[in-house]
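Q: Could you show me how to read the surroundings of a ligand and the pockets of a protein?

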Amino acid sequence: MNILNKNMIEFIKKIPKAELHIHLEGSIEPEMMLLLAQKNKIRFKYKTIEDLKKAYSFEDLRDFLYVYTQGTKVLKTAEDFYNITKAYLEKSYSQNVLHTEIFIDFQTYVRRGIASDVIMDGTWAAIKEMNESKGMTAYLLLAFLRHLGAKSAMETLEEGLKYKDKLTGVGLASTEIGYPPELFKEVFDKARETGFKTTAHAGEEGPAEYVRNSIEILKVDRIDHGNKAMDDPGLVKMIVERQIPLTLCPLSNVALGNVNHLKNHTLKKKLDMGMLVSVNSDDPAYFGGYVNENMIAVARALNLTKKDIVKLAQNSFISSFLPENKKKEYLEMISHI
Ligand code: ADE
Ligand code: ZN
């Protein structure tokens, strides 16, 4: 095993950073999940921490999404959404994540009779509290579940427009293959026209073409994952030239079998090519860690230098949806570390 020196680990822990790719539902730790299942009297498939841990071994994205969807069933009240959001924010803040952009689903809950108000009230209360007590900022991104199709995504966008003051943007998540980005062109056009920032999962398991079409047809501001872009040199050139951010999730890629070993992750290659890449956790409760665990693991596997870590931290703020003056403040903070 490659030894990462202690100094480097401390450096990763202390550097200010942003997280840009995290699904709120993917942050529910097993202990919290069982407590919520009990409190809400849910007939839950998993009875013990061991049951849950055993289920956390995935063949692929589809396999994971089944377990992830089971996990969302423990949520019922605004207080539940408050509790999971607060736990994620506190954990991230303890890792010097000073700003985060969180995907939330509406579709999963609205179908079960949980109103969007319940989700927004609970989530927002936790965000407000962490902002007032710590100065941490969190933006919410409404994720459309691609397997539910474009019509449902459009209805979800309409629902999201009720919370224009609390939602910063929209994203595209869930099963990628078979649901190409162009299906969602109308939804993304409308989201952009109404002032939402836009991002899409692409090239996580799907081909480079999905990354290209997310950029050219959906006109997204950012790509989530984007690993498969490497298969198309013309696309790589465009991503570098236009500095289109890619939010990479190394531990997720290995857990879902999209990268066979961290040593073969293209993060360092992308960084060296001048791509605007950042490190994110995706679903930290399922894939073995939050931002720092991801950074430490990838630094170890790919022999990253302190200069690489600084670049990744800078990129995380540059790629965020923060206003320019806030980005400058954080970059200034990093320059003094
Ligand atoms: N939803 C939660 N995690 C996801 C992932 N890794 N890919 C697509 N959709 C997701
Ligand atoms: Zn994701």
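A: Begin with nearness: a residue is near a molecule if one of its heavy atoms lies within 4 Å of it. This is a predicted model, in which local features need pLDDT of at least 70 and side-chain atom pairs count only at pLDDT 80 or more, while totals for chains, interfaces and linings use all residues. Residues are numbered from 1 along each chain as its sequence is written, chains are lettered from A and ligands numbered from 1 in the order in which they are written, and side-chain values use heavy atoms, with hydrogens and water left out.

Q: Which residues surround ligand 1?
A: The shell consists of His23, Leu61, Phe64, Leu65, Tyr68, Ala173, Ser174, His201, Glu204, His225, Asp282 and Asp283. Helix H4, residues 61–72, gives the most to this shell, with four residues; helices are DSSP runs of H or I with at least four residues, numbered from the N terminus.

Q: Which side chains have a polar atom 2.7 Å from a nitrogen atom of ligand 1?
A: A polar contact is a pair of N or O atoms within 3.5 Å. Here Glu204 places a polar side-chain atom 2.7 Å from a ligand nitrogen, Asp282 does so at 2.7 Å, and an N or O atom in the side chain of Asp283 is likewise 2.7 Å from a nitrogen of ligand 1. The protein covers 99% of the 260 Å² of accessible area that ligand 1 has on its own, by the Shrake-Rupley method with a 1.4 Å probe.

Q: Which pocket does ligand 1 take up?
A: On a 1 Å grid over the protein atoms alone, a pocket is an open set of points where a 1.4 Å probe fits, with protein on both sides within 12 Å along at least five of seven lines, and its lining residues have an atom within 4 Å of a point. A molecule sits in a pocket if more than half of its atoms lie within 2 Å of its grid points, and the space taken by ligand 1 is the largest pocket.

Q: How much space lies in the largest pocket, and which element gives the most to its lining?
A: A volume is the space filled by probe spheres set on the points, and for the largest pocket this is about 390 Å³. Of the 27 lining residues, Leu65, Tyr68, Thr69, His147 and Ser174 are the closest to its centre, and H4 gives the most to the lining, with eight residues.

Terms used
Polar contact = N/O pair within 3.5 Å; in protein donor to acceptor, adjacent residues only side chain to side chain. Helix = DSSP H or I, 4+ residues; strand = E, 2+ residues; numbered from the N terminus.
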